[in-house]
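This report reads one chain from its backbone details outward to its core and strand pairing. Please keep the sequence and the coordinates at hand while following it.

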Amino acid sequence: MKKSVLSSFSLCGALIASSMLLAGCPTTLSQPTVKFSRQVSYGDAKAVETVTNEFGSTDLQMIAEKMVGSLLEDPVLANRPTLTLSAVRNKTSEYIDTKSIMNSIQTALVKSRKVRFTRSADEMQAGVDELQRQNQSGLYKSAGRAKVGNMTAAKYSLEGEIVSIVKQSATTKDVFYKMTLKLYDVEEGSIEWQDEKEIRKTSAR
């Protein structure tokens, strides 16, 4: 009986001592370790990209450069007309961000100061919302407030399409791209400028 009582006291003493030790020493929690197995480095954004023969950054840059150069040499831009971007139809078998192609073309044309761009169809709602906010919310003074009905209409619409032809054998894959861009007179519906860029990419399988 005495041994049992002594054992109980010993167990209680050990638990109390352990509790005091833990209370006196801060507990260190292990932190998660993050390891990066890949080395990342910056490269030249203008360098030729040859990872695959699918549509890539170099193709986008070549198309934009060709179209911008051709348009800037054409007399249709002589009087700094207003343009708007329309859709570029993707008729290839792969996903291509055609909006990105058109944005690159638009950026270069705007920087040339030889053309002005109005909002495209998919950008128009943001402009309408801002006009309504300024004119219908009652938050703005009339002086300096953008007036409804003063937007500049586009004289020309820039639109086009991109197509591809893919041929492959047991050892070779050949991909041919063609980008066609047209400048339409919005009022008359006539084509005032047109050009195209062809790209061929071949890889061993």
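In this predicted model, G138 follows directly after helix α4 and takes a positive phi of about 75°. Helix α4 itself covers residues 124–136, and for its 13 residues a rise of 1.5 Å a residue gives an expected span of 18 Å, which agrees with the 18 Å that separates its end C-alpha atoms. The buried residues of α4 are G127, L131 and Q134. Because these residues cover an arc of only 70° around the axis, they lie on the same side of α4.

Positive phi values also occur in residues other than glycine. As background, most residues other than glycine have a negative phi. R80 has a positive phi of about 50° although it is not a glycine, and its place is in the loop between α2 and β1. For R113, which sits in the loop between α3 and β2, phi is likewise positive, near 65°. The table sets out the accessibility of these two arginines together with that of two further residues discussed below.

| Residue | Place | Relative accessible area | Class |
|---|---|---|---|
| R80 | loop between α2 and β1 | 33% | partly exposed |
| R113 | loop between α3 and β2 | 55% | exposed |
| T58 | helix α2 | 12% | buried |
| A204 | strand β5 | 73% | exposed |

T58, found in helix α2, has a relative accessible area of 12%, and since buried means under 20%, T58 counts as buried. When residues up to four places away in sequence are not counted, T58 touches A47, V48 and E49. A204 in strand β5 is exposed, because its 73% is over the 50% cut-off. A204 and N53 are 151 residues apart in sequence, yet their C-alpha atoms are 9.9 Å apart in space.

Turning to the chain as a whole, there are four helices and five strands, and along the sequence they follow the pattern α-α-β-α-β-α-β-β-β. Of the 205 residues, 27% are buried, while the accessible surface of the chain comes to about 14,700 Å², with 55% of that area belonging to carbon and sulfur atoms. Among contacts between residues at least 6 apart in sequence, 66% join residues at least 24 apart.

Which residues touch the most other members of the largest nonpolar core? Within this core of 29 residues, they are I105, L158 and M179. At least two residues of the core come from each of α2 (57–73), β1 (82–91), α3 (98–112), β3 (156–168), β4 (172–185) and β5 (191–204), and α2 gives the most, with six residues. I105, leaving aside its neighbours within four places in sequence, is in contact with A64, M67, V68, L158 and L181.

Strand β1 pairs with two other strands. With β2 (residues 116–117), β1 runs parallel and is joined by two bridges, and in this pairing L83 stands opposite F117. With β3, β1 also runs parallel, here joined by seven bridges, and N90 stands opposite I162 in β3. For tracing side chains along these elements, it helps to recall that in a regular strand the side chains alternate between the two faces of the sheet.

Note on methods
Residues are numbered from 1 along each chain as its sequence is written. This is a predicted model: local features need pLDDT of at least 70, side-chain atom pairs count only at pLDDT 80 or more; totals for chains, interfaces and linings use all residues. Side-chain values use heavy atoms; hydrogens and water are left out. A nonpolar core is a set of buried Ala, Val, Leu, Ile, Met, Phe, Trp, Tyr and Cys residues joined through side-chain atoms within 4.5 Å. Buried means under 20% relative accessible area, exposed over 50%, partly exposed in between (1.4 Å probe, protein chains only). Contact means heavy atoms within 4.5 Å. Accessible areas come from the Shrake-Rupley method with a 1.4 Å probe; for residues, only the protein chains shown count as cover. Two strands pair if DSSP finds at least two bridges between them. The expected span of a helix is 1.5 Å times one less than its number of residues. The arc is that of the directions from the helix axis to the C-beta atoms.
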